[in-house]
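Here is a briefing for a reader new to this structure. Keep the sequence and the 3D view at hand while reading.

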Amino acid sequence: MTPNDTAAILEKDSRSVGHRQMANALRALAMDAVEAARSGHPGMPMGMADVATVLFTRFLKFDPKAPNWPDRDRFVLSAGHGSMLLYALLHLTGYADFPLEELKRFRQFGARTAGHPEYGHGAGIETTTGPLGQGLANAVGMALAERMMNARLGDDLVDHMTYVIAGDGCLMEGISQEAIALAGHLKLSKLVVLWDDNEITIDGAVSLSDSTDQIARFEASGWNACRIDGHDPAAIADAIDEARLSDRPSLIACRTTIGFGAPSKAGTSGCHGSPLGATEIAGAREALGWPHAPFEIPDDIRIAWSAAAHHGTAQHLAWNARLNAADDGRHAAFAAHLERDTRDVVDSALARLKQTFTEENPTLATRVASQKALEVYTTALPQLIGGSADLTGSNGTRVKAQKAIAPGDYVGDYINYGIREHAMAAVMNGIALHGGFIPYGGTFLVFADYCRPAIRLSALMGQRVVYVMTHDSIGLGEDGPTHQPVEHLASLRAIPNLLVFRPADAIETAEAWACALTETTRPSLLALSRQNLPALRTSATDENRVARGGYILREPEGGRDVTLIATGSEVSLAMEAADLLATRGIETAVVSMPSFELFAEQPADYRAAVLGEVPRIGVEAAIRQGWDALLGPGGQFIGMTGFGASAPADRLYRHFGITPERIANAAAEALGERSA
């Protein structure tokens, strides 16, 4: 693009002079911040500045003075590499967390203006984006949460839009199809995706790798879709106006020029992920008619941007008046949905569950125990929203009282995600980020691989999302090694800030759920068995023992000779092994370790008392990785060293040597005794 080409576009609509100056302020801040950092992506912010300016000044409902106002519109920058577009918008509209000094610190240590938008770094960032497609899928969750809240509380309290700026990479990633298919099916009409259709990726032209007709693709998925000139403010506004009236989600393909205004790099991959350089920036300033020094924004342009924010403040005040005028019942219901502290309600529900389970002492698969726990927890917590990736019956994630969400009918509390594990996880992130609900969703543990990127982002953002993952070991049996997770517990435990629970019986399952539902700063994953497990805790205690991560289930009166540490379905095997060892005069302690993460957080003296100073044997139908910190020097492990096989569960446990007899022999050998 030459300066003359840029001038022709700028002259296209003389009425848009004010708009152009405001958009150019975004372009200039993006150029200057990336140049100062010597790192970043200036091209997308420069290309999408016109779209963002129209959206923020004419449509977006927001209040920088109350950035977490519940009925604000949500704006998601799914193309997170263009983070300077978002930071510039937040700065110019007056968000306190983004003064000019923060823009000057772009991509520097400790700055709120990170290389990609980071949730929690500053108000106005709705979600962490960067892994492409995740933001788009999060936005589907936000739009769904808005419709569910609206169905419960009414138009006067909940009525807002979700807008997304997405790039070619967001649409190429496979998660996008899962997400848009679900959104189209559910008719999430208050979701608008503004696609930066610039025909460029890092490697060069999009045509190098893709020739998809995205308009046809979205329409086939139940969306309204159109294409516009992304540098024409009137066309942008008309398209958004139409999208807001649609009965379906909308895609607006905004044909833009990446790096708009740059004299030689515009329209090329050269401005995608690299600073423009001093010469190119000087040329862009001339082409755009922007004579100001780096990071300098004239007062009249700042005033124009502030005016957009003032409109949102007025909308917020009107909403406050409606909330205050609501009757006591609706006001209380609204507050209850937004209340994050669930401990009193959950503790009461847990006490009832433990009493029931100790009276019945049931032999149950922990997936069944989980469903029984959900019968109580879903009644106690109206904000609990369930779902499954087409495995509802297998996961036990739906209870009798729950009603499924359907296209255009959002009154329910259960979501049929379809065979879309990745989108399910990312949509749940969006639901949690929106606020008002605690989402949980189920699949098989082996399919954690399909949704791991979104699980990682749950942990990175510290969101209360609960993953219910059943069929947790070779114990699922005949489906064979394709469905038998062996490395998955280790890989999930490796994710920082994720709580992984593998309960051993019904009471531990109820306690694990209580931990997940009261944890407000991190996600939880429950790994649950397909096979039945005996009741190990036969008396109720007030203490939530799972909350300690690990605890002594069996302690010999005269002191211990060896400690067996196990999780989930293998705890009962350890108990049997302890009985065998007792017949040989070996005093054995059994430790149940449902959560490595919570145990690691306990005081050192507690951990030492639980683990003891005698030899330790770890038992888990999974690989050893991650166990050595518990086992200590010389500790032994009974588990898996490879993949499983197709056979009934009991045959597999014998074949792979995960039996009470082998555990007992390993313990005896650790003590220098001859195996029986």
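Strand 2 (residues 162–166) and strand 3 (residues 191–197) pair in the parallel sense, over five bridges. At this pairing, Ala-166 stands opposite Trp-195 in strand 3. The model is a predicted one.

**The five-stranded sheet**

- Strand 2 and strand 3 belong to an open sheet of five strands, in the order 1-2-3-7-6, with parallel pairing.
- Strand 1 (74–77) and strand 6 (224–229) stand at the edges. Each has a single partner strand, so one side of each is left without a neighbour in the sheet.
- From one strand to the next, the twist averages 15 degrees.
- Helix 6 (residues 134–153) lies across strand 1, strand 2 and strand 3. Helix 6 runs at about 170 degrees to strand 2.

**The six-stranded sheet**

- Another open sheet has six strands, in the order 9-8-10-11-13-12, and its pairing is parallel.
- Its edge strands are strand 9 (414–416) and strand 12 (499–501), and each pairs on one side only.
- Here the twist averages 20 degrees from one strand to the next.
- Strand 8 (residues 384–388) runs parallel to strand 9, and three bridges join them. Ser-388 stands opposite Asn-416 in strand 9.
- Helix 18 (residues 448–461) packs on this sheet. It touches strand 10 (438–444), strand 11 (466–470) and strand 13 (524–528). The direction of helix 18 makes about 160 degrees with that of strand 11.

**The whole protein**

- The protein has 26 helices and 18 strands.
- How does its radius of gyration relate to the globule rule? The radius is 28 Å, close to the 26 Å that the rule gives for 676 residues, so the protein is as compact as a globular protein of that length.
- The C-alpha trace spans about 95 × 55 × 45 Å along the principal axes of the protein.

**The largest pocket**

- The largest pocket holds about 600 Å³ of space.
- Its lining has 33 residues. Tyr-119, Ala-432, Leu-433, His-434 and Gly-435 lie nearest the centre.
- Which elements give two or more residues to this lining? They are helix 13 (328–338) and helix 17 (421–434).
- By class, the lining of the largest pocket divides into 14 nonpolar, twelve polar and seven charged residues.

**The second largest pocket**

- The second largest pocket has a volume of about 350 Å³.
- It is lined by 18 residues. Nearest its centre lie Arg-343, Asp-347, Leu-350, Ala-514 and Asn-544.
- Helix 14 (343–360) and helix 20 (506–518) are the elements that give two or more residues to this lining.
- Helix 14 gives the most, with six residues.
- The lining of the second largest pocket has eight nonpolar, four polar and six charged residues.

**The cavities**

- How many cavities of 30 Å³ or more does a search of the whole structure find? The search finds two.
- The largest cavity has about 90 Å³ of space. Among the residues that line it are Phe-56, Leu-60, Phe-62, Arg-72, Asp-73, Arg-74, Phe-75 and Glu-126.
- The lining of the largest cavity has seven nonpolar, one polar and four charged residues.
- The second largest cavity has about 30 Å³ of space. Its lining includes Phe-75, Val-76, Leu-77, Leu-86, Pro-117, Ile-125 and Glu-126.
- Phe-75 helps line the largest cavity, and Phe-75 also helps line the second largest cavity. Glu-126 appears in the lining of the largest cavity and in that of the second largest cavity.
- Which element gives the largest share of the lining of the second largest cavity? Strand 1 does, with three residues. Strand 1 is also an edge strand of the five-stranded sheet.
- The lining of the second largest cavity divides into six nonpolar, two polar and one charged.

Methods: Residues are numbered from 1 along each chain as its sequence is written. This is a predicted model: local features need pLDDT of at least 70, side-chain atom pairs count only at pLDDT 80 or more; totals for chains, interfaces and linings use all residues. Side-chain values use heavy atoms; hydrogens and water are left out. Two strands pair if DSSP finds at least two bridges between them. Helices (H or I, at least four residues) and strands (E, at least two) are DSSP runs, numbered from the N terminus. Axes are lines fitted to C-alpha atoms, for helices over the stretch in contact, and angles run from 0 to 180 degrees between N-to-C directions. Contact means heavy atoms within 4.5 Å. On a 1 Å grid over the protein atoms alone, a cavity is a set of points where a 1.4 Å probe fits but cannot get out, and a pocket is an open set with protein on both sides within 12 Å along at least five of seven lines; lining residues have an atom within 4 Å of a point. Grid points are joined across faces, edges and corners, and a volume is the space filled by probe spheres set on the points. Ala, Val, Leu, Ile, Met, Phe, Trp, Tyr, Cys and Pro count as nonpolar, Asp, Glu, Lys and Arg as charged, and the others, Gly among them, as polar. The radius of gyration is taken over C-alpha atoms; the globule rule is 2.2 Å times the number of residues to the power 0.38.
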